[in-house]
Amino acid sequence: MTYGYETAEHPERLRRVAIDPLSRVEGHGKVTILLDADDKVRQVRLHVVEFRGFERFIQGRPYWEVPVMVQRLCGICPVSHHLAASKAMDAIVGAARLTPTAEKVRRLMHYGQMLQSHALHFFHLCSPDLLFGFGSEAARRNIVGVAAAHPETARRGVLLRRFGQEVIRVTAGRRIHGTGSVPGGVNKPVERAERDALLAQVYDILSWSRSAVELVKKLHGQDPALYNSFGVFRSNMMSLVAPDGGLDFYDGRLRARDDAGQILFDQVDYREYGSRIREEVKPWSYMKFPFLAALGAEKGWYKVGPLARVQNCDHIPTPLADAERREFVDYAGGSPIHAPLAYHWARMIEMLHAAETIKDLLHDDDILGEDLVRTGERAREGIGVIEAPRGTLIHHYRVDDDDLVTMCNLIVSTTHNNQAMNEAIRHVAKRYLSGHRLTEGLLNHIEVAIRAFDPCLSCATHALGQMALEVSLVGPGGEELDRLARHEDGAVGRPAP
Amino acid sequence: MSATATFTLDGRAIAFNEGQTILQAAVAAGAYIPHLCFHPDFKPHGSCKVCTVRVNGRHAASCTTRAAPGAVVESDTPAINDERRALVQMLFVEGNHFCPSCEKSGNCKLQATACDLGMVSPHFDHFYPDRPVDASHPELLLDFNRCILCSLCVRASRDVDRKNAFALSGRGIRTRLIVNSRTGRLADSDVTAADKAVHVCPVGVILAKRRGFEVPLGQRVFDLKPISAMADPSAALERAAARGRGPGPRGGGT
């Protein structure tokens, strides 16, 4: 299922082109392309070049601090980390079931985040490419350009995002980096006046979300050949689904399908993620490469996020979004859609689902309740999994008898999509770049493919202590005096001459 | 004893009783002078110097300087606030103060004072000291990373709780808070969650375990009012704690 191009045989003979930094994505990353004398592409890699280290420095901290601390991983979807960590800490404090108020306030927070993040991604980050063309004038490819050419589209994008942020504010206490979710529940209900203020806007939000699905369908319909083939690759897919197989962003069980849509496993308790998923470390990226253990690294890589979720579930539990899901599935004629640009379509269906769910939750008086926290028998290990805007997010902690964290493992959405993004850009490089004189517009094609996955590169760098490294001691004349290497297994030594 | 005389604080007449310090008289009169190591219930320590004022033109720590009739005290001036801001910045870089994930945020006198003084960055290079937490006690956590050496817990444990459980050890830049127990661990002391000592910490060193971020944003003590609008922020924090809406262990200590 791979295109090759990961590692060229004689890189020293090839010309290197770098896209550094990638623009209109969260975090810092780069793409390197190696070309031969005929401008043919020989190697393409997406590198994540920043390092965070949260898994290490959360060790030794008290567990109740974790949901607030780890959300600092990200400024776009901190709620995902806040809630995934809270779910893990629910297990630590023995809260097997939350109160109805806590569960619904958390859901409201999460669906608010899904709305704002998807709106941000589609309108602010991607719509310039889709509306103006991938190779269009660079100075125009931004939200300001969209506002000039399509003012109503840009305005709705901004207001959709603002509404999602406002939902977060009334549930978490702040638009970014709130504290609303605590181990075992939440620290506040929704205030009635704030609920009413959101209700007054939510029907506009629903209407604009429907329009957003129509817009992306129209774009797809204008050039189906491009949208169905750009960066396409086949892969497995994974997401959480509800016990009835429905789409659920907040909770559920793991389901994976192969590239033909056949179920590989279903209704797997996410606490068993360690036996279902393995991670491979490659020497050229801080981002690990996860794969389904049963299939191995070569065939087991998969994609997550909207395109996986919308096709992995059996239905969407809100009517407007489910009707759109059916149309999406019918469009493919019974086999899964793997085209990266279809992520946008699926993402807007999810945004519509988020808007519908927010509307339903705002009408539910449980969100105004006062019974906020549950605790039970203390545990030493907690695993929390959630469907973040970009895909499945896994938080895993161990806590000692003194209440301090002793182990933390995070597998974030973008990490799951690592191999998938690399495959997409290899396909694009082969089809659009190979043999051509490179221009900014052609290089933007690579970024368009990456942006479709909505990567959050800052969250995704976790290979601490496992990176293969080489250190050279170079003399004043430039001659190499000594060289030391740390290999992927952690062993350090001098490479063989 | 009735008020017998006055001094002026930034031009405002402040009545005082004989024996009161400038800061004690200001607190009693509802006037704010920034301070960290001072607490109205305890003998002044005079170590943080944040309460420094100019008394008749000379610098003095207002918590340890006796009020005198007719004294001219300047406190809220740009020059003095610049010096206070530098002192607070030094406190920030000497410890490890990660406000974003600290449960004392919004209820922390150091943070509130820094905000009020317009501190927007630490300015100085961080020391990044290595200070492991002491989580040995079943009910309490000691996070030394946030200690500003105010000695309030030392004074409270010695003078109110009669346990002498805490002490400042070492000298100069190596001064640190220690626990007076055989092993140095809090679990091996006789400190309990009801002690006054665990309720007077102005920052986030002494904390109740398993209770974090219970007070929603917007409802914390310094969300409601800036610290400079409270002559006695210690009392406001302890009132909030007694209602279960503040920093320390619920309901105890005051």
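Which residues point one way from β6(A), and which point the other way? To find out, open this predicted model and follow the stops below.

**Stop 1: strand β6 of chain A**

Select residues 236-241 of chain A, which form strand β6. A:N236, A:M238 and A:L240 point one way from β6(A), while A:M237, A:S239 and A:V241 point the other way. In a regular strand, side chains alternate between the two faces of the sheet. Residues on either side of β6(A) are all buried. Because six of the six residues are buried, β6(A) is largely enclosed by the rest of the structure.

**Stop 2: the partners of β6**

Keep β6(A) displayed and add residues 253-257 of chain A, which are strand β7. The two strands pair in the antiparallel sense, over five bridges. To locate the pairing, pick A:L240, whose bridge partner in β7(A) is A:L254.

Next add residues 302-303 of chain A, strand β11. Here the strands run parallel, and two bridges join β11(A) to β6(A). Pick A:M237 and look across to A:K303, its bridge partner in β11(A).

**Stop 3: helix α15 of chain A**

Select residues 418-433 of chain A, the helix α15. At 1.5 Å a residue, its 16 residues should span 22 Å, and the end C-alpha atoms are 21 Å apart, which agrees. Of these 16 residues, 14 are buried, so α15(A) is largely enclosed by the rest of the structure. Now step just past the helix to A:G435, which takes a positive phi of about 85°.

**Stop 4: chain A as a whole**

Zoom out and show chain A by secondary structure: there are 16 helices and 17 strands. Chain A has 497 residues, and buried residues make up 52% of them. Of the contacts in chain A with a separation of 6 or more, 70% are between residues 24 or more positions apart.

Colour residues 54-421 as domain 1 and residues 471-497 as domain 2, following the domain assignment of chain A. Taken over C-alpha atoms, the centres of domain 1 and domain 2 of chain A are separated by 43 Å.

**Stop 5: where chain B meets chain A**

Finally, show chain B together with chain A. Their contact takes 19 residues from chain A and 17 residues from chain B. How do the residues on the side of chain B that touches chain A divide into nonpolar, polar and charged? Eight are nonpolar, four are polar and five are charged.

Methods
Residues numbered from 1 in each chain as written. Chains lettered and ligands numbered in written order. Predicted model: local features only at pLDDT ≥ 70, side-chain atom pairs only at ≥ 80, totals over all residues. Buried ≥ 20, exposed ≤ 12 C-beta atoms within 10 Å, placed from the backbone. Helix = DSSP H or I, 4+ residues; strand = E, 2+ residues; numbered from the N terminus. Pairing = 2+ DSSP bridges. Contact = placed C-beta atoms within 7 Å. Nonpolar A, V, L, I, M, F, W, Y, C, P; charged D, E, K, R; others polar. Domains from an automatic or database assignment. Expected span 1.5 Å × (residues − 1).
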